[in-house]
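Please take a moment to look over the sequence and the 3D structure shown below, and keep both in view while reading. The paragraphs that follow move from single residues to helices and then to the way the chains meet.

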There are 2 protein chains.
Amino acid sequence: MNSWIENLINIEPYVPGEQPGDGVIKLNANENPYPPSEKVGRVIREFDYRKLNKYPDSNGTKLKEKLAVYYGLKTSNVSVGNGSDEVLAFIFLACFCSEKPLLFPEITYSFYPVWADLFNKNFEEVPLNPDFSINPDVYYKDNGGIIIPNPNAPTGIGQREGLLRDIIEHNQNQIVIIDEAYSDFGEYSAVGLLKDYDNIIIVKTYSKSRGLAGQRIGVSLSSEKITEKIEAVKNSFNSYTMDSLTLEVAAASIDDEEYFRNCINKIKKTRENTIKHMRKLGFTVMESQANFVFASHDVIGAEDIFLKLKERGIYVRYFNKPKLSNWLRITVGTDDEMGILLRELETICL
Amino acid sequence: MNSWIENLINIEPYVPGEQPGDGVIKLNANENPYPPSEKVGRVIREFDYRKLNKYPDSNGTKLKEKLAVYYGLKTSNVSVGNGSDEVLAFIFLACFCSEKPLLFPEITYSFYPVWADLFNKNFEEVPLNPDFSINPDVYYKDNGGIIIPNPNAPTGIGQREGLLRDIIEHNQNQIVIIDEAYSDFGEYSAVGLLKDYDNIIIVKTYSKSRGLAGQRIGVSLSSEKITEKIEAVKNSFNSYTMDSLTLEVAAASIDDEEYFRNCINKIKKTRENTIKHMRKLGFTVMESQANFVFASHDVIGAEDIFLKLKERGIYVRYFNKPKLSNWLRITVGTDDEMGILLRELETICL
């Protein structure tokens, strides 16, 4: 009896950063402290809700055209989705049909092993260097595909083009994903490599640098052959993954390059100030190419600091995992928010 | 060389109804001819875009609470997603982990076999009765799960509770999905059966009866045990499938029951008039419990009519498939749109 229960899936989901209510300082989900462009506000205010009775453009053509111009590619190189998590899930289904294991860093975005489990893909978490940087040598072995997040999370460390080319050159028979969720906050993007390699995929999100976490917008850039397969999976999963309003919001965000650059520059400046101050308080802090800092105190335990900050209404991210248990990932907020954080850290650490 | 191409997926996607530009009469995607509630318009106009920098509520708690009240269930019985297509895709992953075949009607929503292929689930398309109604006997055999769309598409035929109970009673070891995409236009919903059976799932969409195809909102209702697994899959795929605005739009739509009922009543009235007139023009038209009619002309071929209507700027749905090749599925539009359709059908058929 009740044997239907045996046919239910057995899986351990990804756990996102806590979503506390208002009145706290939220530095635990790498959200942008600044709102999206005012052009986004206008598009929403002026949107004609009466047309919502019709389906959106399933292909998202206008948005793809705009993205193609922005990145100097063709529309047939662009795929869009309901956040980069959805885009990555489609790529797992579309591109990794080998029995050989996927390779990705042992310390990285913890959603990668979850997708692999969900879609029954073999994988191997390969080691980082002791300083948390990526070691290209461990990606030379036989594999079914590679994911390199650049900059990596939660470390914030960005790799230069030479290292990426090295890994790609050693893997011309595999697909290499470069997950650029945070690259807008760094100094390098691998988009230019699409000219040289047709086996790579660049993934972007609008949740971080464009301040649109609440709207769910993700992008992938790849050769036509690969893009076609990502689209085939999308069209085999949900014909309309992006709603009519989201398609317009994404386009409006692209149209305000100046605002986008200003926000990023402010965040970078705040990041460098935060790193400098935290080091004075006895933290080891990695150089960051992202909108967060990765830090470990030389005396006080990370979990202890995490709990004390939470008591004081400041949420940062603590991962209770091997090799990460003495580290905190702290999103870069506004100057005011980081001022409050630093004052609280002072009372906790000094 | 280039063996990465061999690792790409091989799949035949679902093809939705064409999306022609403006200036045509679009009766090919079962969209609602009426806009969503004015309350939806207000929520969008007054939405504070500045909060989009933060992630949405991953769990959609407020919306689930509202839906639970609406359907007389607990919040733990409700799952929500980015359209019912996404919800159904999650259910395929969450609930059908048996090697035995899924069963669903040979003539039905053509996305079911696409999800089965995408996720490597065995399936068998079982026959309908010659009059296109569902034959419960063919669901008595050993299987890995069952999908009954009620009313079915593209036939529009609705089954009564007795038949559903019969199928469920014969399948207490399997999960039975009742896809109620169109049930708001009929006389019966199976939601009441959730009291008696913990192995069933009811799926709803806001794309048809609530005029929100452009916003992507889907709902599933099931026992706690099943709902938990659907949520586990959702959280293993994309932490935030519904954006902040969509969560508010869905809630606003629920809040306007009167408008919702009025639209449905108008569509039902137009449907009955359309059926009556089409029969006078020599069509065999099925009794419909949906927002479309399923019709075959006694003399003129369906493809011929489809193409002639398209030339005249009227899009209906034609399926070039065995057993369907002489039938058209025509969405019920406004009285004005159906008046134009009927006049054109007159010139084509008389």
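Is Pro13(B) buried, exposed or partly exposed? In this predicted model, Pro13(B) has a relative accessible area of 25%, and that makes it partly exposed. The residue sits in the segment before S1 of chain B, and its C-alpha atom is separated by 8.4 Å from that of Phe111(B), although the two are 98 residues apart along the chain. When neighbours within four places in sequence are left aside, Pro13(B) is in contact with Val114(B) of its own chain and with Ala232(A), Asn235(A) and Ser236(A) of the other.

The meeting of the two chains can be described as a whole. The contact takes 87 residues from chain B and 87 residues from chain A. The size of an interface is often given as the accessible area lost when the parts come together. Here chain B and chain A bury about 7200 Å² between them, with 59% of that area on carbon and sulfur atoms. On the side of chain B, the residues that lose the most area to chain A are Trp4(B), Tyr55(B) and Phe237(B), which together make up 12% of what that side buries.

How are the two chains placed with respect to one another? Two copies of a chain are related by a rotation about an axis and a shift along it. In this model, chain B is superposed on chain A by a rotation of 180° with 0.0 Å of shift along the axis, and the RMSD is 0.0 Å. That is the relation of a two-fold axis. In chain B, the C-alpha nearest this axis belongs to Arg45(B), at 2.3 Å from it. The same surface serves both copies, since 100% of the contact residues of chain B recur in chain A.

Helix H1 of chain A, which covers residues 38–45, has Val40(A), Gly41(A), Val43(A) and Ile44(A) as its buried residues. They cover an arc of only 165° around the axis, which puts them on the same side of H1(A). What covers these buried residues includes helix H7 (244–254) of chain A, and also helix H1 (38–45) and helix H7 (244–254) of chain B. At the N-terminal end of H1(A), Ser37(A) acts as a cap, with a side-chain oxygen 2.8 Å from the backbone nitrogen of Lys39(A).

Ile44 also leads into the interior. In soluble globular proteins, nonpolar side chains tend to be buried together. The largest nonpolar core of this model has 109 residues, and Ile44(A) and Ile44(B) are those with the most contacts inside it. Not counting residues up to four places away in sequence, Ile44(B) touches Ile44(A), Phe47(A), Tyr49(A), Leu52(A) and Leu245(A) in chain A, and Gln215(B), Leu245(B) and Val249(B) in chain B. There is also a second, separate core of 68 residues, which includes Ile177(A), Val203(A), Tyr112(B) and Val203(B).

Helix H2 of chain B, residues 61–71, can be read in a similar way. Its residues Leu63(B), Lys64(B), Leu67(B), Ala68(B) and Tyr71(B) are buried. Seen down the axis of H2(B), these buried residues fall within an arc of 140°, so they line one face of the helix. An α-helix has 3.6 residues a turn, so residues three or four places apart point the same way. On the other side of H2(B), Lys62(B) and Val69(B) are exposed. The buried residues of H2(B) pack against strands S2 (78–81), S7 (200–205) and S8 (218–222), and against helix H6 (224–237) and H7, of chain B. After H2(B) comes Gly72(B), whose phi is positive, near 70°.

The backbone holds some further points to look at. Most residues other than glycine have a negative phi, and most peptide bonds are trans. Asn30(B), however, has a positive phi of about 55° although it is not a glycine; this residue lies in the loop between strand S1 (25–26) and H1 of chain B, and it is buried, with a relative accessible area of 0%. Lys323(B) likewise has a positive phi, of about 70°, but with 54% relative accessibility Lys323(B) counts as exposed. A cis peptide bond, with omega about 0°, joins Asn150(A) and Pro151(A), and Pro151(A) has its place in the loop between strand S5 (145–149) and helix H5 (161–169) of chain A.

Note on methods. Residues numbered from 1 in each chain as written. Chains lettered and ligands numbered in written order. Predicted model: local features only at pLDDT ≥ 70, side-chain atom pairs only at ≥ 80, totals over all residues. Heavy atoms only, no water. Buried < 20%, exposed > 50% of the residue type's maximum accessible area, 1.4 Å probe, protein only. Helix = DSSP H or I, 4+ residues; strand = E, 2+ residues; numbered from the N terminus. Arc of directions from axis to C-beta. Contact = heavy atoms within 4.5 Å. Polar contact = N/O pair within 3.5 Å; in protein donor to acceptor, adjacent residues only side chain to side chain. Least-squares fit on C-alpha atoms with pLDDT ≥ 70 in both. Core = buried A, V, L, I, M, F, W, Y, C linked by side-chain atoms within 4.5 Å. Buried area = accessible area lost by both parts, 1.4 Å probe.
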